[in-house]
Amino acid sequence: MTNTKTRTLLRSDELSCPSCVPKIEGALKALPGVQKAEVKFASGRIEVEHDPALADVDTLVKTIAKTGYTAKPSAF
């Protein structure tokens, strides 16, 4: 089993209130392979440290969608 850690940056322009932060972070942290998930409400930035073999970017985006928000990969 590999222990690869990747840092993925996502962005959501739909974060309308601070209560979305723990909802999204909790959903991401519940995924196998996710070590850290941090949502910045003011900027819409979502930073995830994860093992891409267990949780790829598509899985991260779909998990956020299940919480009611959209996200996309970002370079910032």
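Which residues of α1 are buried? In this predicted model, the buried residues of α1 are C20, V21, I24, E25 and L28. Viewed along the helix axis, these residues fall within an arc of 120 degrees, so they line one face of α1. The elements that cover them include β2, β3 and α2. A general point about helices helps here: an α-helix has 3.6 residues a turn, so residues three or four places apart point the same way.

The second helix can be read in a similar spirit. Helix α2 spans residues 57-66, and L60, T63 and I64 are buried in it. They cover an arc of only 100 degrees around the axis, which puts them on the same side of α2. These buried residues pack against β1 (6-11), α1 (20-29), β2 (34-40) and β3. Just after α2 comes G68, which takes a positive phi of about 105 degrees.

Between and around these elements runs the sheet. Its 4 strands form an open sheet in the order β2-β3-β1-β4, with antiparallel pairing. Strands β2 and β4 (72-73) stand at the edges with a single partner strand each, so one side of each has no neighbour in the sheet. In general, strands of a sheet pair through backbone hydrogen bonds, either parallel or antiparallel.

The pairings can be followed strand by strand. Strands β2 and β3 run antiparallel and are joined by 6 bridges. Within this pair, K36 stands opposite E49 of β3, while A37 has V48 of β3 as its bridge partner. The two strands form a hairpin with 4 residues between them, and G44 in the turn has a positive phi of about 80 degrees. On to the next pair: β1 and β3 are antiparallel over 6 bridges, with L9 standing opposite E47 of β3. Strand β1 also pairs with β4, in the antiparallel sense over 2 bridges, and R11 stands opposite K72 of β4 there.

How do the helices sit on this sheet, and which strands does each touch? Helix α1 packs on the sheet and touches β2 and β3, its direction making about 165 degrees with that of β2. Helix α2 also packs on the sheet, where it touches β1, β2, β3 and β4; its direction makes about 40 degrees with that of β1.

The nonpolar interior ties these elements together. In the largest nonpolar core, which has 17 residues, I24, L28, V34, I46, L60 and I64 touch the most other members. At least two residues of this core come from each of α1, β2, β3 and α2, and the largest share, 4 residues, comes from α1. In soluble globular proteins, nonpolar side chains tend to be buried together. L60 of α2 offers a useful close-up: leaving out residues up to four places away in sequence, L60 touches T8, L10, L28, L31, V34, V48, H50 and A55. Two of the residues named in that list, L28 and V34, also appear among the core members with the most contacts to other members.

Is E47 buried or exposed? This residue lies in strand β3 (residues 45-50), and with 15% relative accessibility it counts as buried, because the cut-off for burial is under 20%. The side chains of E47 and R7 are joined by a polar contact of 3.0 Å. Beyond residues up to four places away in sequence, E47 touches R7, T8, L9, K36, A37 and E38. Among these contacts is L9, the residue that stands opposite E47 in the pairing of β1 with β3.

P32 makes a contrasting case. It is placed in the loop between α1 and β2, and at 56% relative accessibility P32 counts as exposed, because exposed residues are those over 50%. Setting aside neighbours within four places in sequence, P32 is in contact with L54 and A55. P32 and D51 are 19 residues apart in sequence, and their C-alpha atoms are 8.4 Å apart in space. A55 also belongs to the contacts of L60.

Technical notes:
Residues numbered from 1 in each chain as written. Predicted model: local features only at pLDDT ≥ 70, side-chain atom pairs only at ≥ 80, totals over all residues. Heavy atoms only, no water. Buried < 20%, exposed > 50% of the residue type's maximum accessible area, 1.4 Å probe, protein only. Polar contact = N/O pair within 3.5 Å; in protein donor to acceptor, adjacent residues only side chain to side chain. Contact = heavy atoms within 4.5 Å. Arc of directions from axis to C-beta. Core = buried A, V, L, I, M, F, W, Y, C linked by side-chain atoms within 4.5 Å. Pairing = 2+ DSSP bridges. Axes fitted to C-alpha atoms, helices over the stretch in contact; angles between N-to-C directions.
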